[in-house]
Amino acid sequence: MKDSSKNHDGAHASVTGTAELGFVEEVLDTLEDLYTTTGDVSAEDRTFFSLAVSEIATNIVTHGETETEVTVTADLAVDDESLSAEFQDDAEPVELPLEAAALPDEFAESGRGLAIAKMALDQLSHKADDGHTWHLMRRRRPGE
């Protein structure tokens with residue numbers, strides 16, 4: 001389920017769904033719609049923010065597997081100052097040491113997502129309490 005709006009403060013959209021790969025695609029499509037709606041997001045900001053959103057959403061889907069269905073909501077926003085996303089899910093809470101996230105060696109098959117997201121963003125936070133809340137923010141850089 002998708003809900004979008006635009007006002008003088010920027011564009012906002014919310015997507016709610018089941019933690020599965022289709023949800024990741026819907027979030028990325030919605031983010032592209034927001035970029036189009038605002039029309040002035042630089043290619044660099046689009047690329048790095050979309051990459052971080054993809055990594056976090058994919059981690060939620062991949063690592064949020066439980067015996068019961070996990071519901072996720074993504075609140076996305078684009079304004080004059082920043083690009084932001086907040087993900088909330090109802091998966092079993094797990095503490096993640098974000099400060100320790102680093103790129104693994106070049107032959108590792110996984111484990112890059114959080115490190116990549118940290119490099120692409122200005123702020124990344126995670127809170128585990130009755131599920132998970134992720135906050136992602138990238139300050140907009142001057143356009144090309």
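1. Ala11 stands opposite Val78 in strand E3. This pair belongs to the antiparallel pairing of strand E2 (residues 10–18) with E3, in which eight bridges join the strands. The model is a predicted one, and the points below should be read accordingly.

2. Strand E3 spans residues 71–78 and is mostly covered, with six of its eight residues buried. Besides its pairing with E2 over eight bridges, E3 pairs with strand E4 (residues 82–89), again in the antiparallel sense, over seven bridges. Within that second pairing, Thr73 has Gln88 in E4 as its bridge partner. E3 and E4 form a hairpin, and three residues lie between the two strands.

3. As to the overall arrangement, the protein contains three helices and six strands. Along the sequence these elements follow the pattern β-β-α-α-β-β-α-β-β. Of the 144 residues, 42% are buried. Among contacts with a separation of 6 or more, 61% are between residues 24 or more positions apart.

4. Two packed helices are described by the angle between their axes and the distance between the axes. Helix H1 (residues 21–38) packs against helix H2 (residues 43–63) at an angle of about 160 degrees, and the axes are 9 Å apart. Because an angle over 145 degrees counts as roughly antiparallel, H1 is roughly antiparallel to H2. The crossing of H1 past H2 is right-handed.

5. Which residues of H1 meet H2? From H1 the contact involves Leu21, Val24, Val27, Leu28, Leu31, Glu32, Tyr35 and Thr36. Their counterparts in H2 are Asp45, Arg46, Phe49, Ser50, Val53, Ser54, Ala57, Thr58 and Val61. Sorted by class, the contact of H1 with H2 has 10 nonpolar, four polar and three charged residues.

6. Leu28 merits a separate remark. This residue lies in helix H1 and, leaving aside residues up to four places away in sequence, touches Ser50, Val53 and Ser54. Is Leu28 buried or partly exposed? Its relative accessibility is 24%, so Leu28 counts as partly exposed. Leu28 and Ala57 are 29 residues apart in sequence, while their C-alpha atoms are 9.3 Å apart in space.

7. In a regular strand the side chains alternate between the two faces of the sheet. Strand E5 (residues 123–128) shows such an alternation: Leu124, His126 and Ala128 point to one face and are buried. Gln123, Ser125 and Lys127 point to the other face and are not buried.

8. E5 pairs with strand E6 (residues 132–139) in the antiparallel sense, over six bridges. In this pairing Ser125, one of the E5 residues that are not buried, stands opposite His135 in E6.

9. The hairpin of E5 and E6 has three residues between its strands. The backbone at Asp130, in the loop between E5 and E6, deserves inspection. Asp130 is not a glycine, yet has a positive phi of about 55 degrees. How accessible is Asp130? The relative accessible area of Asp130 is 73%, and Asp130 is therefore exposed.

Methods: Residues are numbered from 1 along each chain as its sequence is written. This is a predicted model: local features need pLDDT of at least 70, side-chain atom pairs count only at pLDDT 80 or more; totals for chains, interfaces and linings use all residues. Side-chain values use heavy atoms; hydrogens and water are left out. Axes are lines fitted to C-alpha atoms, for helices over the stretch in contact, and angles run from 0 to 180 degrees between N-to-C directions. Helices (H or I, at least four residues) and strands (E, at least two) are DSSP runs, numbered from the N terminus. Angles under 35 degrees count as roughly parallel, over 145 as roughly antiparallel, 65 to 115 as roughly perpendicular and the rest as oblique. A crossing is left-handed if the near helix is turned anticlockwise from the far one by less than a right angle, and right-handed if clockwise. Contact means heavy atoms within 4.5 Å. Ala, Val, Leu, Ile, Met, Phe, Trp, Tyr, Cys and Pro count as nonpolar, Asp, Glu, Lys and Arg as charged, and the others, Gly among them, as polar. Buried means under 20% relative accessible area, exposed over 50%, partly exposed in between (1.4 Å probe, protein chains only). Two strands pair if DSSP finds at least two bridges between them.
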